[in-house]
Amino acid sequence: MGTKQYTGSPEDADLRRADSLAREIFSDVANKWALLIIEGLGDRTLRFSELRDAVEGISHKMLTQNLRMLERYGLVERTVHPTVPPRVEYTLTEPGRALRAVVDGMCDWTHQHLGHIDAARHRFDS
């Protein structure tokens, strides 16, 4: 079972074009909350409240909106268990896990260059 690849026109995947699907995806997914949700989920399956605790500072509304967006793009899978009350869990899909590898790289880059960036900000702001 292989991963289905995008087979649309090159224009649809061109980030330089304002009307490209790729730019829409990039714009939606490359926000701080989406990246922190992806990092927070990691290799785990979490309930909504557990995920909210894992992403410090996110509101109920922002978590809901971003989870819906990530689910729409097929990056997060939402599972509803038929219990009373219903138990809802979230986990990364295969494409979501692949994106997490990129997010992990961004986190590593941030940790590696944090001192340099902080010093540059202080120089710029003074």
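Visitor: Which residues does Glu-89 touch, not counting residues up to four places away in sequence?

Guide: Happy to start there! This is a predicted model, in which local features need pLDDT of at least 70 and side-chain atom pairs count only at pLDDT 80 or more, while totals for chains, interfaces and linings use all residues. Residues are numbered from 1 along each chain as its sequence is written, and side-chain values use heavy atoms, leaving out hydrogens and water. With contact taken as heavy atoms within 4.5 Å, Glu-89 touches Thr-45, Leu-46, Arg-47, Glu-77, Arg-78, Thr-79 and His-81.

Visitor: Is Glu-89 buried or exposed?

Guide: Glu-89 has its place in strand β3; helices (H or I, at least four residues) and strands (E, at least two) are DSSP runs, numbered from the N terminus. Buried means under 20% relative accessible area, exposed over 50%, and partly exposed in between, using a 1.4 Å probe and protein chains only. At a relative accessible area of 18%, Glu-89 is therefore buried.

Visitor: Which side chain makes a polar contact of 2.7 Å with the side chain of Glu-89?

Guide: A polar contact is a pair of N or O atoms within 3.5 Å; within protein, one must be able to donate a hydrogen and the other to accept it, and residues adjacent in sequence count only if both atoms are side-chain atoms. One such contact, of 2.8 Å, joins the side chains of Glu-89 and His-81. The one at 2.7 Å is with the side chain of Arg-87.

Visitor: How many salt bridges does a search of the whole structure find?

Guide: Side chains of opposite charge can pair when their charged atoms come close. A salt bridge here is a side-chain nitrogen of Lys or Arg within 4 Å of a carboxyl oxygen of Asp or Glu. The search of the whole structure finds four.

Visitor: Which residue forms a salt bridge with Glu-24?

Guide: The closest N and O atoms of this pair are 3.8 Å apart. The pair links distant parts of the chain, 48 residues apart, with Glu-24 in helix α1 and its partner in helix α4. Glu-24 is partly exposed at 35% relative accessible area, whereas the partner counts as exposed at 63%. That partner is Arg-72.

Visitor: Which residues do salt bridges that share partners join into one network?

Guide: Asp-43 and Arg-100 meet in a salt bridge of 3.3 Å, N to O. This pair links distant parts of the chain, with Asp-43 in the loop between α2 and β1 and Arg-100 in helix α5, 57 residues apart. Arg-100 also meets Asp-104 in a salt bridge of 3.9 Å, N to O. Salt bridges that share partners thus form one network of Asp-43, Arg-100 and Asp-104.

Visitor: Why does Arg-100 count as buried?

Guide: Asp-43 is exposed, with a relative accessible area of 67%, and Asp-104 counts as partly exposed at 23%. Arg-100 counts as buried because its relative accessibility is 18%.

Visitor: How many of the ten residues of helix α2 are buried?

Guide: At the start of α2, a side-chain oxygen of Asn-31 reaches to within 2.8 Å of the backbone nitrogen of Trp-33. The buried residues of α2 include Trp-33, Leu-35 and Ile-38. The helix is mostly covered, and the buried count is seven.

Visitor: Which elements do the buried residues of α4 pack against?

Guide: Helix α4 covers residues 60-72. Its buried residues are Leu-63, Thr-64, Asn-66, Leu-67, Met-69 and Leu-70. They pack against α1, α2, α3, β2 and β3.

Note on methods
The expected span of a helix is 1.5 Å times one less than its number of residues.
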